[in-house]
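Welcome, and thanks for opening the viewer. Keep the selection panel at hand, and we will go from stop to stop together.

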Amino acid sequence: MKVLKAEEGFTLIEISISVAMLAFISVVVIKLFLAASNINVKASEVDMATILISNELEILYDKTSLASLSDEYIVQDEEIVKKAYFDDLFVLSETGKYGMTISMKKETDALYKVDCTFMKGEKEIMSLETYKHFKYPFKKVGDGSD
Amino acid sequence: MEVIKEERGASSVLVIILMLVLIILGLAIASTSISNMHLSQKKSDWLLNYYQLIGEAEKQLADINEVIIEARKNSNNDEEYKEILNEKLSQGSCRLAMPYRQEGGDCSLHFEVNEEGSQYKKRIEVSLAIPLERKAKVPYHITKYALLQEALLQEEAEEFLDPFKHMDD
């Protein structure tokens with residue numbers, strides 16, 4: 001009880017100045033934390049875009065004919081296109097915040113130009129351009145080629 | 001000693017220390033996040049260059065495939081087919097500059113694609129075996145498809161691979 005009755009301690013002015021200083025610095029530090037968190041989110045988006053595009057391209061590079069492409073690839077305005085959407089946790093979903101588009105444009109019978117883009121809404125996170133050669137472009141599935 | 005015993009302004013000193021700690025913590029977290037972003041960007045750039053390089057290799061494969069298909073169309077027997085192949089592929093047509101030699105029933109073809117402009121240049125080495133029969137089922141077989149990066153080449157690693165180098169001295 002002596003402690004409670006004691007009148008020694010910091011003065012009101014001291015406490016007021018301290019609280020004001022702490023409030024000011026807290027704003028700066030909280031802004032830093034938020035910026036760091038945003039940067040981490042962006043980094044994870046770039047990481048996931050890298051992984052998902054790489055997965056898709058590796059599957060594509062394994063194909064030797066157009067017929068062996070999965071049903072997800074559809075012909076659209078002289079391009080063969082696949083669209084996929086991912087939710088906040090980058091799990092495949094019907095619609096989602098993130099969208100990946102793989103489009104293939106014919107250069108020659110056996111060579112296609114491949115454009116991959118990974119978007120967050122309207123904003124592009126990653127995009128890359130490469131080529132894919134189909135050894136047997138018109139071979140039907142189950143022909144027994146390789 | 002009087003300064004130390006002075007109690008006025010003690011709270012400000014405590015607050016300033018706390019502020020410093022918070023600022024250092026905030027800066028540390030921010031710099032970690034920025035490094036994380038740089039790493040992700042670097043990884044993504046690497047992948048971008050990698051697929052560009054693969055794209056170049058695929059273009060060359062498509063060119064070779066085209067030459068093979070043309071040779072099949074324009075020849076009547078295996079000898080003619082072989083001659084056309086020899087002529088077209090050893091000419092350096094289709095942007096190819098490569099040695100061409102025969103090995104058994106197949107001829108082998110080598111080419112490489114090099115990355116330009118980066119510090120540790122990547123390259124893809126491809127070897128093909130092309131059957132010399134005109135009606136062969138497969139136009140070519142890929143016998144080697146290797147991605148190599150300059151920093152990881154054997155010549156540089158050799159310095160570390162010879163622990164007995166000074167044993168004779």
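What percentage of the residues in chain A is buried? Select chain A to see: buried residues make up 34% of its 146 residues. Please keep in mind throughout that this is a predicted model.

**Stop 1: chain A**

Switch to a cartoon view and colour by secondary structure. Chain A shows 2 helices and 6 strands, and along the sequence they follow the order α-α-β-β-β-β-β-β. If you draw contacts for chain A and keep those with a separation of 6 or more, 42% of them come from residues 24 or more positions apart. Now add a surface: the accessible surface of chain A is about 9100 Å², and carbon and sulfur atoms account for 58% of it.

**Stop 2: A:Phe90**

Zoom in on A:Phe90. You will find this residue in the loop between β2 (79-86) and β3 (92-93) of chain A. Check its backbone torsions: phi of A:Phe90 is near 60°, a positive value in a residue other than glycine. For context, most residues other than glycine have a negative phi. Is A:Phe90 buried or exposed? With a relative accessible area of 14%, A:Phe90 is buried, because the cut-off for that class is under 20%.

**Stop 3: chain B**

Now select chain B, which has 4 helices and 4 strands. Starting at the N terminus, its elements run α-α-α-β-β-β-β-α. Of the 169 residues in chain B, 35% are buried. Contacts in chain B between residues at least 6 apart in sequence include 49% that join residues at least 24 apart. The accessible surface of chain B is about 11100 Å², with 56% belonging to carbon and sulfur atoms.

**Stop 4: along helix α2 of chain B**

Show B:Ala10 as sticks; this residue is found in helix α2 of chain B. B:Ala10 counts as partly exposed, at 30% relative accessibility. Which residues does B:Ala10 touch, leaving aside its neighbours within four places in sequence? They are A:Phe10 and A:Glu14, both in contact with B:Ala10. Try the distance tool here: the C-alpha atoms of B:Ala10 and B:Gln119 are separated by 55 Å, and these residues are 109 apart along the chain.

Next, go to B:Ile69, which also lies in helix α2 of chain B. B:Ile69 is partly exposed, at 39% relative accessibility. From its C-alpha atom to that of B:Glu115, 46 residues apart along the chain, the separation is 29 Å.

**Stop 5: a helix crossing**

Keep α2(B) in view and add helix α3 (residues 78-90) of chain B. Their axes come within 9 Å and cross at roughly 145°, and the crossing is right-handed. On the α2(B) side, select B:Ile64, B:Val67, B:Ile68, B:Ala71, B:Arg72 and B:Asn74. From α3(B), add B:Glu80, B:Tyr81, B:Ile84, B:Leu85, B:Lys88 and B:Leu89. Coloured by class, this contact has 8 nonpolar, 1 polar and 3 charged residues.

**Stop 6: the nonpolar core**

For the last selection, how many residues does the largest nonpolar core have? There are 49, and those with the most contacts inside it are A:Leu57, A:Met104, A:Phe118, B:Leu85 and B:Ile130. Helix α2 (residues 10-74) of chain B gives this core its largest share, 11 residues. In soluble globular proteins, nonpolar side chains tend to be buried together. B:Leu85 appears in this list and also on the α3(B) side of the helix contact from the previous stop.

Methods: Residues numbered from 1 in each chain as written. Chains lettered and ligands numbered in written order. Predicted model: local features only at pLDDT ≥ 70, side-chain atom pairs only at ≥ 80, totals over all residues. Heavy atoms only, no water. Core = buried A, V, L, I, M, F, W, Y, C linked by side-chain atoms within 4.5 Å. Buried < 20%, exposed > 50% of the residue type's maximum accessible area, 1.4 Å probe, protein only. Contact = heavy atoms within 4.5 Å. Areas by Shrake-Rupley, 256 points an atom, 1.4 Å probe, with all protein chains shown as cover. Axes fitted to C-alpha atoms, helices over the stretch in contact; angles between N-to-C directions. Left-handed = near helix turned anticlockwise from the far one by under 90°. Nonpolar A, V, L, I, M, F, W, Y, C, P; charged D, E, K, R; others polar.
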